[in-house]
Amino acid sequence: MDSNAVDRLAENWNTVAGEVRDAAAKAGRDADDITVIGVTKYVDASVTAMLVDAGCKHLGENRPQVLWQKAESLAFDDDVRWHVIGHLQRNKARRTLRHRPIIHSVDSPRLLATIAEESAAEDFVTDVLLEVNASDEEAKTGMSPDEIRSLLETIPQSGVRVVGIMAMAGWGTDSDAAQRQFAATRHFRDQLSTQFGLPLPHLSMGMSGDFVEAIAEGATMVRIGSRLYEGVIKIGH
Ligand SMILES: *Cc1c(COP(=O)(O)O)cnc(C)c1O
């Protein structure tokens, strides 16, 4: 990468971080309660390292093998945290957990049980979020609200801490529709919290196109990819 691209990446990071602070202020929230996760699925290890140098300490990957490859080749300091935001196959849990990520995309009781078992065996506790299918579309990933309620009836006693809910707005929704989905996700979290007596402090929702709406509705983690790479690399979509 040339130095222009490096500068542009840093500029994009600062712009996005500023927009997140503005959105927090507008919503009457403390910006420190919102973590910006830089989604690195579009870029290689060297750009990922530059993003960290620009100040982004939370990295999101949706493919476990790519997370391994980057985490193992880059060996970041302890202040860099990985976030798994895509489907995690159970046979990839152990190697993924070694990197002590937060897992946003728990989409089955079996996966939760595996994460709990593998974590407990290594004497640590993994923070996880349950992925809700917020859009009623058959093809979307995540669990239905009923599946999540039934999962919360019997959560593993050790190895995991369920800290919140992750949602994606349906494709092609406009910003009002996205905001309604985010509000519904927050209500759902509040209900679960009351029903099961669990704090569930985290709401992972909002991407490049809708993080302002997500913050207005209480997102504590926003997952931002393409906005960071404008003018740095080409993203086909
Ligand atoms: C790719 C991805 C993002 C980031 O999306 P952008 O629109 O590029 O910001 C966020 N969350 C998940 C689960 C993703 O797969």
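## Around the ligand

In this predicted model, a backbone N or O atom of S226 sits 2.8 Å from an oxygen atom of the ligand. On its own the ligand would expose 380 Å², and the protein buries 90% of that. Two side chains join in: a polar side-chain atom of S208 lies 2.5 Å from a ligand oxygen, and one of K41 lies 2.7 Å from a ligand oxygen. In total, 13 residues surround the ligand, and the closest are K41, Y42, S208, G225 and S226.

## A closer look at K41

K41 deserves a section to itself. An unreviewed UniProt entry places the feature "modified residue: N6-(pyridoxal phosphate)lysine" at K41. In the model, K41 belongs to the loop that runs between β1 (35–39) and α2 (45–54).

Is K41 buried, exposed or partly exposed? Its relative accessibility is 37%, and because buried means under 20% and exposed means over 50%, K41 counts as partly exposed. Setting aside residues up to four places away in sequence, K41 touches G60, E61 and N62.

## S46 in helix α2

Moving on to helix α2, we find S46 there. S46 has a relative accessible area of 37%, so it is partly exposed. Its side chain makes a polar contact of 3.0 Å with the side chain of D44.

For anyone setting up distance checks, here is a pair to try: S46 and E61 are 15 residues apart in sequence, and their C-alpha atoms are 15 Å apart in space.

## S105 in strand β4

S105 is found in strand β4, and with 0% relative accessibility it counts as buried. Which backbone atom lies 2.6 Å from a polar atom of the S105 side chain? That atom is the backbone oxygen of G86.

The surroundings of S105 can be listed too. Leaving out neighbours within four places in sequence, S105 is in contact with V84, I85, G86, H87, L111, L129, E131 and M166. One of these, L111, brings us to helix α5, where L111 is among the buried residues.

## Helix α5 and what it packs against

Helix α5 covers residues 109–121, which makes 13 residues. Its expected span, at 1.5 Å a residue, is 18 Å, and the C-alpha atoms at its ends are 18 Å apart, so the two values agree.

The buried residues of α5 are L111, L112, T114, I115, A116, E118 and S119. What do they pack against? Their partners are two helices, α4 (93–97) and α6 (145–153), together with the strands β4 (102–106), β5 (126–132) and β6 (160–167). After α5 comes D123, which has a positive phi near 65°.

## Positive phi in two loops

Some background helps here: most residues other than glycine have a negative phi. A75 has a positive value, with phi near 45°. L200 also has a positive phi, near 40°.

Each of these residues lies in a loop. A75 is in the one between α3 (64–74) and β3 (81–84), while L200 is in the one between α7 (175–196) and β7 (202–204). Buried or exposed: which word fits A75? With 58% relative accessibility, A75 counts as exposed. L200, by contrast, has a relative accessible area of 1%, so it is buried.

How values were computed
Residues numbered from 1 in each chain as written. Predicted model: local features only at pLDDT ≥ 70, side-chain atom pairs only at ≥ 80, totals over all residues. Heavy atoms only, no water. Helix = DSSP H or I, 4+ residues; strand = E, 2+ residues; numbered from the N terminus. Expected span 1.5 Å × (residues − 1). Buried < 20%, exposed > 50% of the residue type's maximum accessible area, 1.4 Å probe, protein only. Contact = heavy atoms within 4.5 Å. UniProt positions renumbered as here; feature names shortened; annotations may be inferred. Near = heavy atom within 4 Å. Polar contact = N/O pair within 3.5 Å; in protein donor to acceptor, adjacent residues only side chain to side chain. Areas by Shrake-Rupley, 256 points an atom, 1.4 Å probe, with all protein chains shown as cover.
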